Amino acid sequence: MYSLIDMLRYMRPEGSITQLDFCERFLQPMFRLPEGHGSYIVTVLKPDNTQPNLCFTSHHDTVHSTEGMQKVVVKNNIVSLDQANSSCLGADCTTGVWIMLNMIEANIPGVYVVHAGEEVGCKGSSALIKDHPDWLDNTDAVISFDRRGDNSIVTHQMSMRTASDEFAQSFSNALDLPQLAADSGGSYTDSNEYCGVVSECTNISVGYRGQHSTKEIQDLDFVDLLVAKLIAADWSTLVFERDCTVTEYEADWWDYGYHYGHTYTSGSSSDTNVKHISDIIEDYPDELAKLLHEYGWKADEILSEIFEMDNYNETYGGNSNEISKYIVRKGL
């Protein structure tokens, strides 16, 4: 546990020097250098020297607002912050990285990927998938260790199914950890980026709570149990049922449309989906702003993305006074 506690001292916003220091110290001895988009990849072959069919993921950036080192304290096997000048503990996703390092040391077969840029829009994983490395063709499941709490096997991310209930049950059985169960309330992490090319894409609880806040904590007892179960698991019993070419949303998502007078249908076109999102922005502006903040987006970055959109430039022109007016009006 000492290494996990030491790892939690690093505040690592994407692109920071502290992030590089963390990677050099904890990742490069095992993964060597990152691939072209900043993600670290290593493969542990099966005992017969064949390619594994499982991919385990985490990410090496955190949502800290500043970089540097922070103080943490352990009490009753719970890790928390020991200072007021840090924005979060960063167990999301330091704990996931630590879990994977333990699994690699135990020689558990799998493709292990520690992504860059998850907290700023899953940039590392999305770029990696566009490159479509060869190992993806043999992958039946992408398993992220980036979920809060101690009971989730995520089956839906942003209300879209990314893993089957059958897979979730088989995962719980393989680990002999019945407290882990199917959870349709997942938000968004790197495994979601793979859902269009890989059958089962999930996110597993690792024992942190209060993520992205100064109240964030990490339960050491649970993550210790989880690692032991992951190392002892019979991975050959996993079930792969989801068809990655089919898009399926949770029923409650479409119930939202009915309740608020919006007409939502699964598998809608791009233009219709944009309308759906616009409706949600209108109904939940504050909640969406908080969500974007938690994902690491800054106001000026969002504004820049909007001004670079083709339809905006067609309407106002790339050098329009509308841009300047908005900046002045909002004090940006």
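**Helices H5 and H3 and the nonpolar cores**

Right after helix H5, Asp176 takes a positive phi, about 55 degrees. This comes from a predicted model, and H5 itself is a handy place to start looking around. The helix covers residues 165-175, and its buried members are Phe167, Ala168, Ser170, Phe171, Ser172, Ala174 and Leu175. Those buried residues pack against quite a list of partners: strands S8 (141-147), S9 (152-154), S12 (181-183) and S13 (200-205), plus helix H7 (220-232).

Two of the H5 names turn up again in the largest nonpolar core. That core has 53 residues, and the ones touching the most other members are Ile99, Tyr112, Phe145, Phe171, Leu175 and Trp235. Its largest share, eight residues, is supplied by helix H3 (residues 91-105). A second core, with 13 residues, lies apart from this one; Leu128, Val142, Val198 and Cys201 are among its members.

Trp235 gives a closer look at who meets whom. Leaving aside residues up to four places away in sequence, Trp235 touches Leu54, Phe56, Met103, Ile108, Ile143, Phe171, Leu175 and Leu230. Phe171 and Leu175 in that list are buried residues of H5.

Back to H3, then. This helix is mostly covered, with 13 of its 15 residues buried. From first C-alpha to last, H3 reaches 21 Å, close to the 21 Å expected at 1.5 Å a residue. After H3 comes Asn107, and its phi is positive, near 65 degrees. A positive phi is likewise found at Asp176, just after H5.

Note on methods
Residues numbered from 1 in each chain as written. Predicted model: local features only at pLDDT ≥ 70, side-chain atom pairs only at ≥ 80, totals over all residues. Heavy atoms only, no water. Buried < 20%, exposed > 50% of the residue type's maximum accessible area, 1.4 Å probe, protein only. Helix = DSSP H or I, 4+ residues; strand = E, 2+ residues; numbered from the N terminus. Contact = heavy atoms within 4.5 Å. Core = buried A, V, L, I, M, F, W, Y, C linked by side-chain atoms within 4.5 Å. Expected span 1.5 Å × (residues − 1).
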